[in-house]
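Colleague: Could you walk me through this one at the bench-side level? I would love to hear the reasoning as well as the values.

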Amino acid sequence: MKKAIVTVTLGLILTACASHEDVRPGADGVHYVSIAASDAKSASREAIKQAQSYCDSHQQGMYVVDEDNFYEGTMTQDQYETHKTIANVASAAGTALWVFGDGKVDDAGGVAAIAGGIYGASLEDPYVTTLSFQCK
């Protein structure tokens, strides 16, 4: 009896952690999910993760039918990557100055770290992965 309660509880916890909010079920058994992210790998990983979660919730395996990855930003891809690099460098350099500034530049470092983080967060998520999949 104790083992059954633990198994049911564990199942409920794992189901509660599963996320597939962007999955769109298809009537023909081919489902899809479309994810936008700040880089192509993150978009692809999240799409696969949600597809897997969806199939797991139906106690089936996930099989990829098709995967499309593309850039869909308002600025060119090179411009976006440049802006993202500037934000990351400002944040990292600011953090280093903040931590190791020894009282002379730590305030400026803190401002740069925060500004770089805010600027990076304000950039769009232009990389999109659309994944078609089946559960079997």
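Colleague: Which residues does Ser-44 touch, leaving aside those up to four places away in sequence?

Modeller: Happy to help, and please keep in mind that this is a predicted model. Ser-44 sits in helix α2, which covers residues 40–57. Not counting residues up to four places away in sequence, the residues it touches are Glu-67, Asn-69 and Thr-129.

Colleague: Is Ser-44 buried or exposed?

Modeller: Its relative accessible area is 15%. Buried means under 20%, so Ser-44, at 15%, counts as buried.

Colleague: Thanks! How are the rings of Tyr-71 and Tyr-80 arranged: stacked, edge-to-face or tilted?

Modeller: There are four aromatic pairs by the ring rule. In the pair of Tyr-71 and Tyr-80, the ring centres are 6.2 Å apart and the planes stand at 50°. Stacked needs under 30 degrees and edge-to-face over 60, so the pair of Tyr-71 and Tyr-80 is tilted.

Colleague: And what is the angle between the planes of Tyr-71 and Tyr-127?

Modeller: Those two rings also form an aromatic pair, 5.2 Å centre to centre. The pair is edge-to-face, with an angle between the planes of 70°.

Colleague: How many residues apart in sequence are the parts that the pair of Tyr-71 and Tyr-127 ties together?

Modeller: Tyr-71 belongs to strand β3 (residues 62–71), while Tyr-127 belongs to strand β4 (residues 127–135). The pair therefore ties together parts whose separation in sequence is 56 residues.

Colleague: Which residue of the cluster of Tyr-71, Tyr-80 and Tyr-127 is partly exposed?

Modeller: These three form one aromatic cluster. Tyr-80 is buried at 1% relative accessible area, and Tyr-127 is buried at 8%. The partly exposed one, with 21%, is Tyr-71.

Technical notes: Residues numbered from 1 in each chain as written. Predicted model: local features only at pLDDT ≥ 70, side-chain atom pairs only at ≥ 80, totals over all residues. Heavy atoms only, no water. Helix = DSSP H or I, 4+ residues; strand = E, 2+ residues; numbered from the N terminus. Buried < 20%, exposed > 50% of the residue type's maximum accessible area, 1.4 Å probe, protein only. Contact = heavy atoms within 4.5 Å. Phe/Tyr/Trp six-rings, centres within 6.5 Å; stacked < 30°, edge-to-face > 60°.
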